[in-house]
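I set out to keep a short record of what I looked up in this structure. The entries follow the order in which I worked.

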Amino acid sequence: MDKMIEQLKELKNLKPRAEWVEKNRDLLLAQISAQAPAEAKVSGFSYLHLLKMSLPTRFVNFVAKPMGIVSLVLLFVAGSGALTVNAARESLPGSILYPVKLTSEQVAVGLTVSEKKKTELRVSLAEERVREIEKIMATAGDSQFKQQMLNMAADSLKKEMTNVTASLDKVKNDKTDQASNLALIKQVDTKVGELATRLDNSASENPEASKILSSAKDAVDAVSVKAVEVIVDKYDKGQTEISSQEIKDTMEKQVKKIEDRIANITDKEKTVAADVVAPIVAPSTDNDKVENPVVTTPAVTPEPVANSADIKKSLDEAIKLLNAGDMVAALEKMKESQSLSSQMEDVLEAKIKEIEASKSVSDSPVAPIQ
Amino acid sequence: MNNLSHFINKDNDCNKTEHAPSSTMKNNSLQEKYLIFRVKFYKDPEAYGKLYDVYVERIFRFVMFKVKKMEDAEDITAEVFLKSWQYIKESDRKIGNLNALLYRMARNAVIDFYREKRRTDLSLTDQEMFEQIMDDRDVAKEIEDKIAVETVEQYLEELKDEYRDVLILRHVEGFSIDETATIMQKSSSNIRVLLHRATKRLKELMNDHG
């Protein structure tokens, strides 16, 4: 057996003629040189090919290829998701992609670890809601559908504001890096102030929208007050470097906002009062001439819990306390005024609703009195 | 037909040529892959010349065991290298193993050679047929001479093609089981079985004549 193998190995001595090897080499090279192009085309892909060639086939088959396929699948899944989310970015409430947009936003918030970043993100989401509201207001079309869209956007905005309030609470209790905390709160206060102004502008365009947006506006104002509360709290506990003058300015700004709101409410009140005073005349029939007009009176309206004078008084006290340097007490008074103004506005909205309801009753055809 | 033993142990100075095969370059090595890359993307004849130097002997030997006639073996070997150049240059497929590619090309070239030979033999005229018979008588005589020499290669001819291939690749060329499997496009376990059967059959043939 070994002898046989040895004999087989000896067959290796079988070799071609040296002159043929040489001649054939020259001939081969002459033939292929004639076929070779003048300029070779080499690209990055060529080097990729070299890399692929250099890697062992088993590595390519069992490691590189499966990894490549998995990466492609992941890329496809993530890519298609990213495309959808990207497409959803411009969607408005009522569109199919809107839930995708809200979910992607919540995912972004969920993936953010830092509470400060989370707060910033939530404020930017609130900005996005306000932007949506503005867009909806700018679109023409079915008013009922628009109202539904506004309701959805306003609800989302309220949720965001609640989340921002919760975040501010966390920042309030955070005792690390006070300087950046304060900067964040100030930033929130400024941005929320802007949002409130934009909401006011949107609400002033349409009375229907005003009703829908009033609760969202309350939520925004509440965040603004919360921001001031956190600043005052930090100042009171000596956790910030903020000066008393700065605190005073911030609070005065807040007081000014409440005063503006009261002024708005008072204006509205006057308009409503004028509507109530004017008799609402039911349309008369031919048999029932002008001599006997059917006069209807509005239903009983809820009594206001406070009036603008009370709120102004409360605000004056807040300013007095502020000037006396009692920031905490001033803040309490300011919060009280804020709460009263909200209640006052609610009552006013209820009153407007009632008047409109009675108007719609009087507009409907009335059977002639026999 | 030339007897293979005529070439064996004959000092034909093949290794003394100026383009002697670089014994340092292993098949399937990084250096070889780089040369293939040069051939594929730069169409570099010199790189292909180096590959030729490494493989020409073994491909010639492989072909020679199948066709027996030196001139045929030389023609087929030259054709294999020319076709391989074109394949490497034009194919989009990865050239993972040039060794396997060249042996496969050689096997196909030998099959084509016999196919062509059979076709030519069928179209012989009476005169040619007579000459062929006379040739065959010479061949028979040569085979008798070979038997007298009693070397192993004469029994290789009596083996099935794949038995002969597996013995040559494994024991003459010294390829591993895996390399032989790649060249013959079979699994390693299949090659082990083939090798066992081929060795057994060759041994039987040698014992019968011995």
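The entries below go from the chains to the cores, then to ring pairs and salt bridges.

**Entry 1: the chains**

I noted at the outset that this is a predicted model. I began with the secondary structure of chain A, which has 12 helices and two strands. Along the sequence I read ten helices in a row as α-α-α-α-α-α-α-α-α-α, then β-β, then α-α. Chain B has nine helices and zero strands.

I then looked up burial. Of the 370 residues in chain A, 38% are buried; of the 210 residues in chain B, 48% are buried. The accessible surface of chain A is about 20,900 Å², with 59% of it from carbon and sulfur atoms. For chain B I recorded about 10,800 Å², with 48% from carbon and sulfur atoms.

For contacts with a separation of 6 or more, I asked what share joins residues 24 or more positions apart. The share is 74% in chain A and 66% in chain B.

**Entry 2: nonpolar cores**

I turned to the cores with a general expectation in mind: nonpolar side chains in soluble globular proteins tend to be buried together. The largest nonpolar core has 72 residues, and B:Tyr48, B:Ile59, B:Phe81, B:Leu98, B:Leu167 and B:Leu202 have the most contacts inside it. Helix α2 of chain B, residues 45-67, gives the most to this core, with 14 residues. Apart from this core I found another, of 58 residues, including A:Leu184, A:Ile185, A:Val220 and A:Leu340.

Which residues does B:Tyr48 touch, leaving out those up to four places away in sequence? I listed A:Leu28 and A:Ile32 from chain A, together with B:Val39, B:Phe81, B:Ser84, B:Trp85 and B:Ile88 from chain B.

I also followed A:Val272, in helix α10 (residues 244-277) of chain A. A:Val272 has a relative accessible area of 6% and is therefore buried. Beyond four places in sequence, A:Val272 touches A:Leu348, A:Lys351, A:Ile352 and A:Ile355. The C-alpha atoms of A:Val272 and A:Leu348 are 8.3 Å apart, although 76 residues separate the two along the chain.

**Entry 3: a surface patch**

I next looked for nonpolar side chains on the surface. A:Phe59, A:Phe62, A:Val63 and A:Met67 form a nonpolar patch there, with about 420 Å² of accessible area together. A:Val63 belongs to helix α4 (residues 57-88) of chain A, and its relative accessibility of 32% makes it partly exposed.

**Entry 4: aromatic pairs**

I counted nine aromatic pairs over all chains. A:Trp20 and B:Phe60 form a tilted pair, with 5.8 Å centre to centre and 40° between the planes. A:Trp20 lies in helix α2 (residues 18-35) of chain A and B:Phe60 in helix α2 of chain B, so this pair joins two chains. Both A:Trp20 and B:Phe60 are buried.

Why is the pair of B:Tyr103 and B:Phe175 edge-to-face? The planes of the two rings stand at 90°, with the centres 5.5 Å apart, and an angle over 60 degrees counts as edge-to-face. B:Tyr103 is in helix α4 (residues 98-122) of chain B, and B:Phe175 is 72 residues away in the loop between α7 and α8. I found B:Tyr103 buried at 0% relative accessible area and B:Phe175 buried at 3%.

Ring pairs also link B:Tyr34, B:Phe37, B:Phe41 and B:Tyr42 into a cluster.

**Entry 5: salt bridges**

I recorded 31 salt bridges over all chains. In one of them, the closest N and O atoms of A:Arg25 and B:Asp53 are 2.7 Å apart. This bridge crosses between chains, from helix α2 of chain A to helix α2 of chain B. A:Arg25 and B:Asp53 are both buried.

Within chain A, A:Glu128 bridges to A:Lys101 at 2.8 Å between the closest N and O atoms. A:Glu128 lies in helix α6 and A:Lys101 in helix α5, 27 residues apart. A:Glu128 is buried at 16% relative accessible area, as is A:Lys101 at 4%.

In chain B, I looked up B:Glu204 and B:Arg201, whose side chains meet in a salt bridge of 3.1 Å, N to O. Both lie in helix α9 (residues 188-209), and because they are three residues apart, about one helical turn separates them. B:Glu204 is partly exposed at 34% relative accessibility, and B:Arg201 is partly exposed at 33%.

I closed with a network: salt bridges that share partners join A:Lys101, A:Glu105, A:Glu128, A:Arg129, A:Arg131 and A:Glu132.

Technical notes. Residues are numbered from 1 along each chain as its sequence is written. Chains are lettered from A and ligands numbered from 1 in the order in which they are written. This is a predicted model: local features need pLDDT of at least 70, side-chain atom pairs count only at pLDDT 80 or more; totals for chains, interfaces and linings use all residues. Side-chain values use heavy atoms; hydrogens and water are left out. Helices (H or I, at least four residues) and strands (E, at least two) are DSSP runs, numbered from the N terminus. Buried means under 20% relative accessible area, exposed over 50%, partly exposed in between (1.4 Å probe, protein chains only). Contact means heavy atoms within 4.5 Å. Accessible areas come from the Shrake-Rupley method with a 1.4 Å probe; for residues, only the protein chains shown count as cover. Patches are made of residues with over 30% relative accessible area and no salt bridge: like charges are joined within 9 Å, nonpolar side chains (Val, Leu, Ile, Met, Phe, Trp, Tyr) within 5 Å. A salt bridge is a side-chain nitrogen of Lys or Arg within 4 Å of a carboxyl oxygen of Asp or Glu. A nonpolar core is a set of buried Ala, Val, Leu, Ile, Met, Phe, Trp, Tyr and Cys residues joined through side-chain atoms within 4.5 Å. Rings of Phe, Tyr and Trp (its six-membered ring) pair if their centres lie within 6.5 Å; planes under 30 degrees apart count as stacked, over 60 as edge-to-face and the rest as tilted.
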